[in-house]
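Me: I should like to learn how to read the buried face of a helix and the pairing of aromatic rings. Could we work through both topics on one example?

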Amino acid sequence: MKEIIAILPTRGLLYAKTIRSLKENGIHDPIIIDSLPIPDAQNEGVRKALSIWSTAILFVEDDMELPDGIVSAMMKMDRAIVACDYPMDNGYSTICRKKDEILWCGLGCTLIKQGVFRNMKEPWFDTSYSWKIESENPLKLEKIDNAYKYGGLDINLCIKAREHGYTIEQLPGYEAKHLRCSALEKAQGNSGAWGIHALPPVS
């Protein structure tokens, strides 16, 4: 049994630094899926990972550079969901908190134990809906239709996992680098809109 299987969905373009930093952290054979939109690619990646069986699944985006030692540090935390922050271009964190509680996080560099997915029904990544914040204290969310079918899969997964009793922990002392492919990206790039090849719609 492997300790970690990495899932690397891509829209057709992969940074060499992403692959190199994975190898430097001991991940030499990630599951790469480049023929599906990101939501479907994540679901397919999890199915493949569960068929292989491992302790945990590492989710990495195709434009992420991981610092040395991050994977072993995530494993040492021994938590259901461990997220590493990778601030956006505007400096905003990819981890959303309410006081000391993490509500959701991005999936650019996140380690999730396989049992989390085995305890939840498919599809794990569903972008048919999003959330509207009705009140902040106490936090109350209203599920609404998602017109943008490619966004919000990370938020939806985190909320679903929290509903199943799991908590999200942040990895302290580490920060991944978001290289960004925005110079090449068209609007709604999660659909695979790189102009490299056509992709099917989200199922």
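Reply: Let us begin with the helix, bearing in mind that this is a predicted model. The buried residues of helix α1, which spans residues 16–24, are Thr-18, Ser-21 and Leu-22.

Me: Why do the buried residues of α1 line one face of the helix?

Reply: In general, an α-helix has 3.6 residues a turn, so residues three or four places apart point the same way. Here, the buried residues of α1 fall within an arc of 105 degrees when viewed down the axis, and they therefore line one face.

Me: What covers the buried residues of α1?

Reply: The covering elements include β1 (2–9), β3 and β4 (64–65). After α1 comes Gly-26, which has a positive phi, near 85 degrees.

Me: How is a pair of aromatic rings described?

Reply: One gives the distance of the centres and the angle of the planes. In this model the count is four aromatic pairs. For Phe-59 and Phe-117, the ring centres are 5.8 Å apart and the planes stand at 50 degrees, so this pair is tilted.

Me: Which parts does the pair of Phe-59 and Phe-117 tie together?

Reply: Phe-59 belongs to strand β3 (residues 54–60) and Phe-117 to helix α4 (residues 114–118), so the pair links parts 58 residues apart in sequence.

Me: Are these two rings' residues, Phe-59 and Phe-117, buried or exposed?

Reply: Phe-59 is buried, at a relative accessible area of 0%, and Phe-117 is buried at 1%. Together with Trp-124 and Phe-125, Phe-59 and Phe-117 form one aromatic cluster.

Definitions and conventions: Residues numbered from 1 in each chain as written. Predicted model: local features only at pLDDT ≥ 70, side-chain atom pairs only at ≥ 80, totals over all residues. Heavy atoms only, no water. Phe/Tyr/Trp six-rings, centres within 6.5 Å; stacked < 30°, edge-to-face > 60°. Helix = DSSP H or I, 4+ residues; strand = E, 2+ residues; numbered from the N terminus. Buried < 20%, exposed > 50% of the residue type's maximum accessible area, 1.4 Å probe, protein only. Arc of directions from axis to C-beta. Contact = heavy atoms within 4.5 Å.
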